[in-house]
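Q: Several labels in a description of a protein structure rest on cut-offs. Please go through the labels for the structure below and give the reasoning behind each.

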Amino acid sequence: MQRVYAAELGLDRLLELSTGADLLPSKEVLQHARSSLIPAISKEGLGLSNTVKHLKEDVVPALNLASQLPNYYGFITGGVTPVAALADNIVTAYDQNVQVHLPEETIATEVEDRALRMLCELLDFGPTEWPHKTFTTGATASNVLGLACGREFVIAEAARRTKKGPVNVGDLGLAKALRLCGLDDIRILTTVPHSSLGKAASITGIGRDSITLVGLPNAPHKFDMTKLQRILQERTSGYIVAISCAEVNTGLFATSSAAEMLELRELCDKYGAWIHVDGAFGLLVRVLEDHQYLNIRAGCDGIQFADSITGDAHKLLNVPYDCGFFLGKHRALAENVFRNSNAAYLNVGATDTSFIASPLNIGIENSRRFRALPVYASLTAYGRRGYRDMLERQVKLARGIARFILRHSEYDLLPNLEVDDERRLDSIYIIVLFRAKDDSLNKDLVKHVNATKKIYVSGTAWTGAPACRFAVSNWQVDVDRDLQLVTDVLDRVALAASHA
Ligand SMILES: *Cc1c(COP(=O)(O)O)cnc(C)c1O
């Protein structure tokens with residue numbers, strides 16, 4: 001076996017060739033790839049050159065270009081900045097295992113720590129506000145961390161209140177800990193959560209059914225403070241308040257001022273509740289400064305009052321999968337949950353006097369990829385200005401698309417907030433939800449749009465009917481060029497339907 005690099009194999013060239021290509025592979029290409037997959041491991045192996053040929057000719061053409069091209073608007077995928085791609089190749093080549101802080105052996109944990117501090121600076125958080133910070137595999141994993149810490153916290157609070165002495169879920173398990181401190185269960189109080197919150201609730205033993213919606217009837221993404229307080233007062237459960245910042249279907253934020261966040265904080269302090277913010281893609285709004293973004297910026301005001309925050313780096317930060325991050329206020333509590341205490345040889349870092357925790361004691365994994373490096377490289381290369389410019393382009397494109405839809409005779413912009421058009425546009429972040437006025441077009445709208453293969457949108461449901469959703473998240477967005485393409489496609493789809 002000899003060492004080889006992507007450049008020698010010409011694989012980097014393949015990426016350049018994708019410009020102008022279709023976003024999705026054709027049925028034929030997919031079928032070809034499927035039938036050429038190696039049916040079983042071969043005794044001797046195919047060897048390097050045959051395998052490279054197979055990858056290049058059969059597998060690569062059947063991958064989609066969601067990240068490569070700027071016009072994929074499905075889910076929220078982001079792309080990969082050039083410097084993040086380069087750094088990710090270094091990560092693979094040097095294959096560091098970033099689980100224990102070993103300052104005499106590798107700089108990796110210090111780079112990770114610096115990258116996390118730079119992220120906090122980017123997001124305008126104080127340098128010491130988040131002592132429990134770590135990279136994760138994504139926002140789902142960060143939500144698991146948030147709920148696991150919240151679970152530990154609300155039980156410790158209940159034990160303190162009922163003078164039961166320290167009760168620790170990490171050691172006792174959830175059932176015994178709940179019994180000891182006299183709680184029925186843990187409940188998650190939220191408004192329109194991301195689906196991964198239910199998964200995180202399941203993994204942490206809190207349970208999907210514990211999720212209780214406390215939204216306002218006419219604005220389900222906002223908290224009904226009266227209802228929230230009424231539930232917190234019951235005190236029969238431990239409570240985690242989960243804030244959707246922002247909501248994935250509409251891009252709307254659950255809170256809209258520091259005063260509102262402070263009110264939540266005071267309420268939660270009073271009842272020993274934990275506040276977790278899911279800011280997977282909403283968090284980055286904190287880099288925006290211009291007055292035209294004040295409305296959405298307010299959705300992140302005061303989130304430093306939370307106990308924990310979820311962020312995604314493989315979305316708007318435009319680094320490769322998989323990379324999320326987690327910011328928490330309670331590091332000692334986190335070590336109760338995540339401490340990997342059984343293997344003494346792994347705890348070398350714990351005696352080090354520097355403040356860097358061994359990642360294996362504050363997060364889910366033991367062995368971990370050096371996923372901090374692409375974040376470090378990208379923040380270093382583009383700085384605060386670069387990220388602000390990138391996000392401004394994305395918001396401008398989203399607002400351009402929304403404006404076009406508002407004025408179009410065949411489409412409706414959603415949700416139909418009862419405010420004037422300019423206010424509606426001001427509340428657009430990077431997501432545009434809409435549908436066709438005509439039911440028969442609307443039924444297949446996503447299919448027609450995606451059939452062009454030039455842009456791609458996600459389908460969803462809104463108030464009981466199908467709806468279509470743009471999520472703008474690629475670093476390569478060019479507002480004029482991309483708006484032209486999007487509006488051409490939407491016009492073409494509407495016109496074809498009127499002639500059908
Ligand atoms: C995407 C997303 C998630 C899940 O993120 P993954 O990175 O896919 O794990 C969670 N919450 C919100 C709000 C999201 O947008």
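Q: In this predicted model, what makes the contact between R371 and E365 a salt bridge?
A: The closest N and O atoms of R371 and E365 are 3.8 Å apart. A salt bridge requires a side-chain nitrogen of Lys or Arg within 4 Å of a carboxyl oxygen of Asp or Glu, so the pair qualifies.

Q: Is R371 called buried or exposed, and why?
A: R371 has a relative accessible area of 7%. Buried means under 20%, so R371 is buried.

Q: Why is E365 called partly exposed?
A: The relative accessibility of E365 is 21%. Buried means under 20% and exposed over 50%, so E365 falls in between and counts as partly exposed.

Q: Which residues are linked with R371 and E365 in a network of salt bridges?
A: The network also contains E112, D322 and R368.

Q: How do you know that R368 and E112 form a salt bridge?
A: Their side chains meet at 2.7 Å, N to O. The limit is 4 Å, so the contact counts.

Q: Where do R368 and E112 lie, and are they buried or exposed?
A: R368 is in the loop between α14 and α15, while E112 belongs to helix α6 (residues 108–122). The two are 256 residues apart, and the pair links distant parts of the chain. Both residues are buried.

Q: What makes R369 and D88 a salt bridge, and which parts does the pair tie together?
A: The N to O distance between the side chains of R369 and D88 is 3.2 Å, and the limit is 4 Å. R369 sits in the loop between α14 (331–338) and α15 (372–407) and D88 in helix α5 (residues 82–94), so the salt bridge ties together parts 281 residues apart in sequence. The structure holds 23 salt bridges.

Q: Why do R369 and D88 get the labels they have for burial?
A: R369 has 31% relative accessibility, which lies between 20% and 50%, so R369 is partly exposed. D88 has 17%, which is under 20%, so D88 is buried.

Q: Why is T487 called buried, and what does its side chain reach?
A: T487 is found in helix α19 (residues 479–499). Its relative accessibility is 12%, under the 20% limit, so T487 is buried. The side chain of T487 reaches the backbone oxygen of L483 at 2.8 Å, and a polar contact needs a distance within 3.5 Å.

Q: Why does D58 count as buried, and where is it?
A: D58 is in helix α4. Its relative accessible area is 14%, under 20%, so D58 is buried. The C-alpha atoms of D58 and L30 are 8.9 Å apart in space, with these positions 28 residues apart in sequence numbering.

Q: Which residues make the nonpolar surface patch?
A: L55, V60 and L63 make the patch, which has about 230 Å². L63 is in the loop between α4 (48–59) and β1 (72–73).

Q: Which residues come nearest to the ligand?
A: Of the 13 residues around the ligand, T140, D278, D312, H314 and K315 come nearest. The shell divides into 5 nonpolar, 5 polar and 3 charged residues.

Q: How do you know that T140, D278 and H314 make polar contacts with the ligand?
A: The limit for a polar contact is 3.5 Å. An N or O atom in the side chain of T140 is 2.6 Å from a ligand oxygen. For D278, a side-chain N or O atom is 2.6 Å from a ligand nitrogen. A polar side-chain atom of H314 is 2.7 Å from a ligand oxygen. The protein covers 83% of the 390 Å² of accessible area that the ligand has on its own.

Technical notes: Residues are numbered from 1 along each chain as its sequence is written. This is a predicted model: local features need pLDDT of at least 70, side-chain atom pairs count only at pLDDT 80 or more; totals for chains, interfaces and linings use all residues. Side-chain values use heavy atoms; hydrogens and water are left out. A residue is near a molecule or strand if one of its heavy atoms lies within 4 Å of it. A polar contact is a pair of N or O atoms within 3.5 Å; within protein, one must be able to donate a hydrogen and the other to accept it, and residues adjacent in sequence count only if both atoms are side-chain atoms. Accessible areas come from the Shrake-Rupley method with a 1.4 Å probe; for residues, only the protein chains shown count as cover. Ala, Val, Leu, Ile, Met, Phe, Trp, Tyr, Cys and Pro count as nonpolar, Asp, Glu, Lys and Arg as charged, and the others, Gly among them, as polar. Patches are made of residues with over 30% relative accessible area and no salt bridge: like charges are joined within 9 Å, nonpolar side chains (Val, Leu, Ile, Met, Phe, Trp, Tyr) within 5 Å. Helices (H or I, at least four residues) and strands (E, at least two) are DSSP runs, numbered from the N terminus. Buried means under 20% relative accessible area, exposed over 50%, partly exposed in between (1.4 Å probe, protein chains only).
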